[in-house]
Amino acid sequence: MKEKSFEPGRDNIVLIGMPGAGKSTLGIVLAKILCMDFVDADLLIQQSCDKSLQRLIDTLGPDAFLEIENQVLSEMSFEHSVIATGGSAIYSEPAMNHLSEIGRVVYLKISFDELKQRLADFSERGVVMRDGIGMSLRDLYDERLPLYEKYADVTVDVDDLSITAAARKVAAALK
């Protein structure tokens, strides 16, 4: 597990991982454990565009959605916050470089089998499929896995853990 220590200006925790890995839910619990603020990037995107993620993807297409996501993530200037990103954040190198500059990036890793259980129906989750709707969940997992690993400062396996147990495991990995 590679890990970077907290540095001035890098006091945020940035959560990345597949849809269904628990970034938003775990992020709230983690923020409470660590006495930090919580920011959900997907909600910021929805608020800035006044549309749900799925509606944005459906009306604008994946590429335009990724541009909006990149802009929102690249402009973040939070301090002492747990930031839950969307699963597609890792498609934007500028956004991930910015997030790495303002915080430690934690990859919430789940196995493909766990993902299948958690995401039985992901058609309304606002999941970006760069290759279109014909892309399988397995294809999506295989495409994103190396990107999550590339950007992660810390990787925490959260398979088969409750949200609270997973949040405690992340907190322990950050010490």
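**Exercise 1. Place H98 in the fold and state its exposure.**

Solution. Start with the element: H98 sits in helix 5, residues 93–102. Helices here are DSSP runs of H or I with at least four residues, strands are E runs of at least two, and both are numbered from the N terminus. The model is predicted, so local features need pLDDT of at least 70 and side-chain atom pairs count only at pLDDT 80 or more, while totals for chains, interfaces and linings use all residues. Residues are numbered from 1 along each chain as its sequence is written, and side-chain values use heavy atoms, with hydrogens and water left out.

Next, exposure. H98 has 16% relative accessibility, so H98 counts as buried. The cut-offs are under 20% relative accessible area for buried, over 50% for exposed, and partly exposed in between, with a 1.4 Å probe and protein chains only.

Last, the partners. Set aside neighbours within four places in sequence; H98 then contacts L73, S74, E75 and M76. Contact means heavy atoms within 4.5 Å.

**Exercise 2. Describe the protein chain as a whole.**

Solution. Count the elements: there are eight helices and five strands. Read them from the N terminus: β-α-β-α-α-α-β-α-β-α-α-β-α. Then take burial: 50% of the 175 residues count as buried. Finally, take contacts with a separation of 6 or more: 75% of them join residues 24 or more positions apart.

**Exercise 3. Work out how helix 1 packs on helix 8.**

Solution. Take the geometry. Helix 1 covers residues 23–34 and helix 8 covers residues 163–173; their axes come within 9 Å and cross at roughly 55°. That angle makes helix 1 oblique to helix 8. Axes are lines fitted to C-alpha atoms, for helices over the stretch in contact, and angles run from 0 to 180 degrees between N-to-C directions. Under 35 degrees is roughly parallel, over 145 roughly antiparallel, 65 to 115 roughly perpendicular, and the rest oblique.

Now list the contact residues. Helix 1 brings T25, L26, V29, L30, I33 and L34; helix 8 brings I163, T164, A166, A167, R168, V170 and A171. By class, this contact has 10 nonpolar, two polar and one charged residues. Ala, Val, Leu, Ile, Met, Phe, Trp, Tyr, Cys and Pro count as nonpolar, Asp, Glu, Lys and Arg as charged, and the others, Gly among them, as polar.

**Exercise 4. Compare the backbone and setting of C35 and D160.**

Solution. Begin with the general rule. Most residues other than glycine have a negative phi. Phi of C35 is near 55°, a positive value. D160 also has a positive phi, about 60°.

Locate each one. C35 is in the loop between helix 1 and strand 2 (37–40). D160 is in the loop between strand 5 (154–157) and helix 8. Check exposure: C35 is exposed at 64% relative accessible area, and D160 is exposed at 68%.

**Exercise 5. How many disulfides does the structure hold?**

Solution. A disulfide is a pair of cysteine sulfur atoms within 2.5 Å. The structure holds zero. As for C49, its relative accessibility is 24%, so C49 counts as partly exposed.

**Exercise 6. Is R144 buried or exposed?**

Solution. First, the element: R144 lies in helix 7, residues 137–151. Its relative accessibility is 0%, so R144 is buried. Then check Y91: R144 and Y91 are 53 residues apart in sequence and 8.3 Å apart in space, C-alpha to C-alpha.
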